[in-house]
Amino acid sequence: MTATDKSSVPVNFDRRYSDVVTTEKPGLRERTRQAVRTQLMAVAWGLFVEQGYDATTVDEIAAAVGMSQRSFFRYFSSKEDVVLVKFEAVGAMLADVLANRPAEEDAWTALRRAFDVIVGPTERDPRHGLVLLRITSQAPALRARVLEEQTNWQELLAPLVAQRMQQPAGGDLGPTALTAAALACLVVANAAWLRVDGTEPLAGFLDDAMRTVRPGAF
């Protein structure tokens, strides 16, 4: 099993993971809004870990940061969105890392290394990762929306894969199929890691899955 390539994990990942990555510098009002959202997410995840997702209410999250339920809904439309914003942020980060991988890397290797933005933090804080996977696998409404977000990841990554394969974006099924296969490996690895309750490295499961279906492996 291959160890995680630490060089591909962005600095200050935990802060960047809290909201969607953007290249634009927000104004004071937006920075304040993002700070409150980050605080709400941190408190919510602390409660999810401590007492479970279903047992945690919006009222409890809001009260823990000294605001009303009505104020909470100014920042998130639902409790589910506190979870889903992480997936939106990760999609942008995956695209950012993939775009900046060395040009000589083949697309499959570059995708694997890009996935370290997920693997690294998950292995550093397995309790949080396990809670996230359990929540998204057990709540039907969340599961459907996570699948939708992962489709968005594919749409973000496929053009970058096409560029790396020197193919026109949207001009061939190959880059999209390759991206979908890599993301499927990530899903399989996450499920395997969840089954062993995080007692084995997620990186190992992902490496095994991607090695099995690597282009040219058959």
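This passage describes the fold, the nonpolar core, the aromatic pairs and selected loop residues of a predicted protein model.

The structure is a predicted model, in which local features require a pLDDT of at least 70 and side-chain atom pairs count only at pLDDT 80 or more, whereas totals for chains, interfaces and linings use all residues. Residues are numbered from 1 along each chain as its sequence is written, and side-chain values use heavy atoms, with hydrogens and water left out.

The secondary structure consists of eleven helices and zero strands, where helices (H or I, at least four residues) and strands (E, at least two) are DSSP runs numbered from the N terminus. Along the sequence the pattern is accordingly written α-α-α-α-α-α-α-α-α-α-α. Of the 218 residues, 45% are buried, a class defined by a relative accessible area under 20%, with exposed meaning over 50% and partly exposed the range in between (1.4 Å probe, protein chains only). The accessible surface, computed by the Shrake-Rupley method with a 1.4 Å probe, amounts to about 11,400 Å², of which carbon and sulfur atoms supply 53%. Among contacts (heavy atoms within 4.5 Å) with a separation of 6 or more, 70% join residues 24 or more positions apart.

The UniProt record, an unreviewed entry, places a "DNA-binding region" at residues 57-76; such annotations may be inferred rather than shown by experiment, and their positions are given in the numbering used here, with feature names shortened. In the model this span is 55% helix and 0% strand, and its end C-alpha atoms lie 13 Å apart.

In soluble globular proteins, nonpolar side chains tend to be buried together. The largest nonpolar core here has 60 residues, and those with the most contacts inside it are L40, F48, F72, V83 and L94; a core of this kind is a set of buried Ala, Val, Leu, Ile, Met, Phe, Trp, Tyr and Cys residues joined through side-chain atoms within 4.5 Å. Helix α5 (residues 79-99) contributes the largest share of this core, ten residues. Because domain 1 (28-74) and domain 2 (79-213) both give residues to the core, it lies between them, the domain bounds being taken from an automatic or database assignment. Beyond its neighbours within four places in sequence, F48 is in contact with Y53, T56, I61, K79, V82, V83, V131 and I135.

Five aromatic pairs were found in the whole structure, where rings of Phe, Tyr and Trp (its six-membered ring) pair if their centres lie within 6.5 Å, and planes under 30 degrees apart count as stacked, over 60 as edge-to-face and the rest as tilted. One of these pairs, W45 and F48, is edge-to-face, at 5.2 Å centre to centre and 80 degrees between the planes. Both residues lie in helix α2 (residues 28-51), three residues apart, about one turn of the helix, and both are buried, W45 at 4% relative accessibility and F48 at 2%. F72 and F73 form an edge-to-face pair at 5.4 Å and 85 degrees, in which F72 is buried at 0% whereas F73 is partly exposed at 38%. Ring pairs further link W45, F48 and Y53 into a cluster.

Two residues that are not glycine have a positive phi of about 60 degrees, namely Q166 and D197. Q166 lies in the loop between α9 (140-164) and α10 (173-195) and is exposed at 74% relative accessibility, while D197, in the loop between α10 and α11 (202-212), is partly exposed at 41%.
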